[in-house]
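Thanks for coming, everyone. I have one structure to walk you through today. Please take a moment to look at it.

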Amino acid sequence: MNVLMCCSDLTVKGGMVSVVRNYLSSPDWGDVDIFFVPTHTTGGKLRLAAMFAQACVRILPLAAAGQFDVAHLHVAERGSFIRKGLLVRMLHRLGVKTVLHHHGAEFEEYYASASSRHKRFIRRTLELADVNIVLSRRLIPMVLDKAPDARVEVVYNAVKVPPSNPYTTTDNNRDAVLFLGRLGRRKGTYDLLEAIKRLDKILPLHIRFLLCGDGEVNEVMSRSKDLGISHRIDHTGWVDGKLKEEFMRRSMINVLPSYNEGLPMTILETMAHGIPNISTRIASIPEVITDEETGLLIEPGDIDALTRALSGLIFSSRQRMYISQASYRLVANGFSLPSTISTLKNIYRSLLPAKPCARREET
């Protein structure tokens, strides 16, 4: 089976690209060959248009020649959805089955603000796709409320899971609270700064908060200075690969007090390393984090609750260890790459005609 896979180029920062990188590096595809073509990169409108045009020039002749059985298109909102919507239409005309894999955290806002004409474009795209993949059960209505006849499947994000829980042997050496993501209001960064201010005087001097991400960097650093907590903050910029692994080895907690999400890869990645998480009761997060079992959940914007959750975990190694073991088991059993790749292969196969069985001649 030959599968075309499209998303941003693999140097672009974000959860969608992290998902696709994991897929492309997996050894579990078996008889499925993945042909990856990036359709987006960073830069201005002209560069984005040129990138998409170049991708179409690569894709369409091969699709017309029958080189692809299925196209797996990873999509967010706005420009990403428009590009994939156009590809869905072109591939549909060429007889290629399409899978639209939704990663956007702001799709509902995107749809609500669209014009009537653009809403029709969105609905038709959802209907034309042979399968729409969403990241959790809670997100099924995101598609069906707009296109009731669309086919929707749930595929949770997946991560590479170490063979054993790294946290259990290194808990005593951890001195940091980790924040992985784009700095700004949507991710709850300013709420985190307020909580750090409230905890500053009672925390051990060696405890640091690692802010790993881009976004509103200058604003966040300025706010940290105004709050008098710059000595607690290490801003590292966006991290990946070995540097991310190093920071996870240092981290006692991962915190993501977001207001809007899909299913954050940072939560799954840190849980796979046994790091206890503090996050919010939004979107798909409660399908992964059960409060006080596999992490701690608060309401977005509740700085008092965020402060209590941080304090409780920082000062309780016993609770950290309990959550670490439970979260590692959960991700290892339900969010590992091999099981997800198997699910995707079954979806692909469901779109193709069944192969005829060989008939046994009677003697």
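I'll go from the whole chain to one helix, then to the aromatic pairs, and end on a single leucine.

First, a caution. This is a predicted model. Keep that in mind throughout.

Let's start with the overall picture. The chain has 13 helices and 12 strands. Its radius of gyration is 22 Å, and the globule rule gives 21 Å for 363 residues, so the chain is as compact as a globular protein of that length. The C-alpha atoms fill a box of roughly 80 × 55 × 35 Å along the principal axes.

What share of the residues is buried? Of the 363 residues in the chain, 54% are buried. Now the contacts. Take those with a separation of 6 or more: 72% of them join residues 24 or more positions apart. As for the surface, about 16,600 Å² is accessible. Carbon and sulfur atoms account for 51% of that.

Next, helix H13. Find residues 337-350. That is 14 residues, and at 1.5 Å a residue they should span 20 Å. The end C-alpha atoms are 20 Å apart, so the expected span and the model agree.

Which residues of H13 are buried? They are Leu-337, Thr-340, Ile-341, Leu-344, Lys-345, Ile-347 and Tyr-348. Look down the helix axis. These buried residues fall within an arc of 160°, so they line one face of H13. Here is the background to that pattern. An α-helix has 3.6 residues a turn, so residues three or four places apart point the same way.

What covers that face? The cover of the buried residues includes helix H1, at 15-25. It also includes strands E1 (2-8), E3 (70-75), E4 (97-102), E5 (131-134) and E6 (152-154).

On to the aromatic rings. The count comes to 8 aromatic pairs. I'll show you two.

Pair one is Phe-35 with Phe-68. The rings are 5.6 Å apart, centre to centre, with 35° between the planes, and the pair is tilted. Phe-35 lies in strand E2, residues 33-40, while Phe-68 is in the loop between helix H2 (45-64) and E3, so the pair ties together parts 33 residues apart in sequence. Are these two buried or exposed? Phe-35 counts as partly exposed, at 31% relative accessibility. Phe-68 is buried, with a relative accessible area of 8%.

Pair two is Phe-81 with Phe-121. This one is edge-to-face: 6.4 Å centre to centre, and 75° between the planes. Phe-81 lies in helix H3, residues 79-93, and Phe-121 in helix H5, residues 116-128, so this pair ties together parts that are 40 residues apart in sequence. Phe-81 is buried, at 0% relative accessibility. Phe-121 is buried too, with a relative accessible area of 17%, because the cut-off for buried is under 20%.

Phe-81 and Phe-121 also belong to one aromatic cluster, together with Phe-107 and Tyr-110.

Last stop: Leu-144. Leu-144 lies in helix H6, residues 140-144. Its relative accessible area is 31%, and it counts as partly exposed. What does Leu-144 contact, leaving aside its neighbours within four places in sequence? The answer is Ala-150 and Val-152. Now compare its position with Arg-123. The two are 21 residues apart in sequence, and 9.5 Å apart in space, C-alpha to C-alpha.

That's the tour. Over to you for questions.

How values were computed: Residues are numbered from 1 along each chain as its sequence is written. This is a predicted model: local features need pLDDT of at least 70, side-chain atom pairs count only at pLDDT 80 or more; totals for chains, interfaces and linings use all residues. Side-chain values use heavy atoms; hydrogens and water are left out. Helices (H or I, at least four residues) and strands (E, at least two) are DSSP runs, numbered from the N terminus. The expected span of a helix is 1.5 Å times one less than its number of residues. Buried means under 20% relative accessible area, exposed over 50%, partly exposed in between (1.4 Å probe, protein chains only). The arc is that of the directions from the helix axis to the C-beta atoms. Contact means heavy atoms within 4.5 Å. The radius of gyration is taken over C-alpha atoms; the globule rule is 2.2 Å times the number of residues to the power 0.38. Accessible areas come from the Shrake-Rupley method with a 1.4 Å probe; for residues, only the protein chains shown count as cover. Rings of Phe, Tyr and Trp (its six-membered ring) pair if their centres lie within 6.5 Å; planes under 30 degrees apart count as stacked, over 60 as edge-to-face and the rest as tilted.
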